[in-house]
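Please look over the sequence and the three-dimensional structure shown here, and then read the notes on how some of the helices are arranged.

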Amino acid sequence: MSAMQIHDALSEFLLQLEANGRSEHTRLQYRRHIGALIAWLAPEEDVAQITSTTLAKFLSSPAARETKKGRERKASSVNGLRGSLKGFGAFM
């Protein structure tokens, strides 16, 4: 089986969410959250190379912990991001 790049995996995940009847708001939230991971990694990253350590490093990074203005994100926002990553990982 060939490698799947993370942006392709995100597209498939969003399609599945739509097929499952998830709201546009929910799909946009997933797109934002997984998009932050993609920006932190690289768009051509092979999803098979993403480990739990990779995700822990991301969740500990400023990309996940700070707003664009450099302010600390609320715990609920980081938890939402974590939940999106968990859902995406389960799909993968």
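The notes below cover one helix pair, the two sides of a helix, and a loop residue.

This is a predicted model, in which local features need pLDDT of at least 70 and side-chain atom pairs count only at pLDDT 80 or more, while totals for chains, interfaces and linings use all residues. Residues are numbered from 1 along each chain as its sequence is written, and side-chain values use heavy atoms, with hydrogens and water left out.

**Helices α2 and α5**

- The axes of α2 (residues 24-40) and α5 (residues 75-91) come within 9 Å and cross at roughly 90 degrees, and the two helices are therefore roughly perpendicular (65 to 115 degrees) to each other.
- In this contact (heavy atoms within 4.5 Å), Q29, Y30, H33, I34 and L37 of α2 meet G80, L81, S84, L85 and F88 of α5.
- Sorted by class, the contact of α2 with α5 has six nonpolar, four polar and no charged residues.

**The two sides of α3**

- T54, F58 and L59 are the buried residues of α3, where buried means under 20% relative accessible area and exposed means over 50%, using a 1.4 Å probe and protein chains only.
- These buried residues cover an arc of only 130 degrees around the axis, so they lie on the same side of α3.
- S52, K57 and S60 are exposed on the other side of α3.
- The buried residues of α3 are covered by elements including α2, α4 and α5.

**The loop after α3**

- S61, in the loop between α3 (52-60) and α4 (62-65), is buried, with a relative accessible area of 7%.
- A polar atom of the S61 side chain lies 2.6 Å from the backbone oxygen of F58.

Key. Helices (H or I, at least four residues) and strands (E, at least two) are DSSP runs, numbered from the N terminus. A polar contact is a pair of N or O atoms within 3.5 Å; within protein, one must be able to donate a hydrogen and the other to accept it, and residues adjacent in sequence count only if both atoms are side-chain atoms. Axes are lines fitted to C-alpha atoms, for helices over the stretch in contact, and angles run from 0 to 180 degrees between N-to-C directions. Angles under 35 degrees count as roughly parallel, over 145 as roughly antiparallel, 65 to 115 as roughly perpendicular and the rest as oblique. Ala, Val, Leu, Ile, Met, Phe, Trp, Tyr, Cys and Pro count as nonpolar, Asp, Glu, Lys and Arg as charged, and the others, Gly among them, as polar. The arc is that of the directions from the helix axis to the C-beta atoms.
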